[in-house]
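Please open the structure in your viewer and keep the selection panel at hand. The stops below go from a whole chain to its parts, then to the pairing of chains, and finally to single strands.

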Protein chains: 2
Amino acid sequence: MDRLTELKKESKDIFKGKVVHLVIDKVVLPNGEESTREVVKHPGAVAVIAINKEGKILLVRQYRYALGKIIYEIPAGKLEPGEDPNDSALRELEEETGYRCEKIEPIASFYSSPGFSDELLHIYYTDTLVQGRQHLDNDEFLEVCAVDLEEAVRMVQDHRIADAKSVYAIQYLQLTLKNR
Amino acid sequence: MDRLTELKKESKDIFKGKVVHLVIDKVVLPNGEESTREVVKHPGAVAVIAINKEGKILLVRQYRYALGKIIYEIPAGKLEPGEDPNDSALRELEEETGYRCEKIEPIASFYSSPGFSDELLHIYYTDTLVQGRQHLDNDEFLEVCAVDLEEAVRMVQDHRIADAKSVYAIQYLQLTLKNR
């Protein structure tokens with residue numbers, strides 16, 4: 001065992017909701033002392049960098065209650081229990097934007113906030129969109145738009161695009177373009 | 001008011017800990033229906049892309065209890081109440097790595113996980129490190145190392161670097177280098 005490892009001593013369920021599952025664990029630290037760790041368990045999520053036939057990036061404009069404001073994000077959503085991230089990406093893309101795609105490619109996976117949550121986010125890329133059918137969840141309200149990379153970069157600068165996955169996505173496109 | 005906005009009707013405190021503050025709100029949706037929103041309130045955090053005199057990136061190797069494993073991340077930490085993010089970046093850099101810096105520059109701010117948390121992460125850049133003094137929190141155990149960009153890119157690929165801010169940081173360095 002690595003000398004940095006922390007061991008679970010006790011675990012207490014605090015809340016289990018639609019999205020988050022909060023547990024508070026008592027742990028033994030590497031020096032033998034005890035401490036507590038707050039963990040927000042999350043099913044994981046997918047997000048899709050989707051480029052349309054005009055070379056524009058699909059974005060969804062959405063009110064984020066946790067932030068108390070509207071931001072633009074790349075299409076994304078939570079994994080269903082047992083769902084393969086690849087299937088989830090295809091499903092969320094169509095549900096949110098009304099587009100299917102012929103080919104989708106995983107480009108990165110990362111933890112959103114490892115200090116307090118196990119949420120793992122899988123990022124996909126597609127530029128083979130075909131028309132499908134939008135069907136939003138009952139409590140989901142959003143608008144779809146498409147912008148070119150130059151505009152997306154401006155949207156990052158002025159914080160209309162303001163979340164980790166979408167900021168990453170725009171930077172990914174900037175970098176990919178440079179490498180071509 | 002934008003037609004996407006959701007309105008708070010009731011708010012219930014579920015848990016307030018060292019890191020997270022969970023509230024469950026009853027909200028009125030844009031269509032007049034009601035729903036609940038789970039919000040993990042967080043004080044916000046800072047992270048520093050720190051390049052040493054050899055041109056290498058400072059990383060901290062740390063056990064992340066929420067993930068049940070060790071990952072490598074750029075130095076980071078939570079904001080203290082009322083603390084300016086700039087001061088927090090300087091403080092966390094020295095506390096975790098033992099380096100101060102002469103100049104630090106904000107490069108991006110983004111929300112980690114806007115679907116359920118208001119955590120805002122401020123990313124800084126510095127390449128003017130000078131020796132300071134490491135002083136970790138009582139329940140904080142980590143090792144500092146420095147790697148070149150090529151190695152960091154490999155670490156992203158094999159998931160030793162696996163969190164949003166650090167993956168973003170490595171991509172930022174790749175992009176910045178290309179632009180020089």
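Select chain A and consider its contacts, where two residues are in contact if their C-beta atoms, placed from the backbone, lie within 7 Å: among contacts between residues at least 6 apart in sequence, 58% join residues at least 24 apart. This is a predicted model, in which local features need pLDDT of at least 70 and side-chain atom pairs count only at pLDDT 80 or more, while totals for chains, interfaces and linings use all residues. Residues are numbered from 1 along each chain as its sequence is written, and chains are lettered from A and ligands numbered from 1 in the order in which they are written.

With chain A still selected, turn on the cartoon view to find 3 helices and 12 strands; helices (H or I, at least four residues) and strands (E, at least two) are DSSP runs, numbered from the N terminus. The C-alpha trace of chain A spans about 60 × 40 × 30 Å along its principal axes. Of the 180 residues in chain A, 39% are buried, a term for residues with 20 or more other C-beta atoms within 10 Å of their own C-beta, all placed from the backbone.

Next, colour residues 7-41 of chain A as domain 1 and residues 45-179 as domain 2, bounds that come from an automatic or database domain assignment. The centres of these two domains, taken over C-alpha atoms, are separated by 30 Å. Where they touch, domain 1 of chain A contributes 5 residues and domain 2 of chain A contributes 4 residues.

Now show both chains together. Chain A superposes on chain B by a rotation of 180° with 0.0 Å of shift along its axis, at an RMSD of 0.0 Å, a fit made by least squares on the C-alpha atoms of residues with pLDDT of at least 70 in both copies. That is the relation of a two-fold axis. The same surface serves both copies, as 100% of the contact residues of chain A recur in chain B.

Select the contact itself, which takes 51 residues from chain A and 52 residues from chain B. Among the elements of chain A that each supply at least two residues to the side touching chain B are strand E1 (7-16), strand E9 (105-111) and helix H3 (164-179). H3(A) gives the most to this side, with 8 residues.

Move to chain B and pick out the open sheet of 3 strands, which has the order E6-E5-E12 with antiparallel pairing; two strands pair if DSSP finds at least two bridges between them. Strand E6 (69-73) and strand E12 (142-147) of chain B are the edge strands, each pairing on one side only. Between strand E5 (residues 57-64) of chain B and E6(B) there are 5 bridges, and B:Val60 has B:Glu73 in E6(B) as its bridge partner.

Add helix H2 (residues 149-157) of chain B, which lies across E5, E6 and E12 of chain B and runs at about 125° to E12(B); axes are lines fitted to C-alpha atoms, for helices over the stretch in contact, and angles run from 0 to 180 degrees between N-to-C directions.

For the last stop, select E1 and E2 of chain B, which form a hairpin with 4 residues between them. Strand E1 (residues 7-16) and strand E2 (residues 21-28) of chain B pair in the antiparallel sense over 8 bridges, and B:Lys16 stands opposite B:His21 in E2(B). How many of the 10 residues of E1(B) are buried? The count is 0, and E1(B) is hardly covered.

Conventions. A residue is buried if 20 or more other C-beta atoms lie within 10 Å of its own, exposed if 12 or fewer, and partly exposed in between; C-beta atoms are placed from the backbone.
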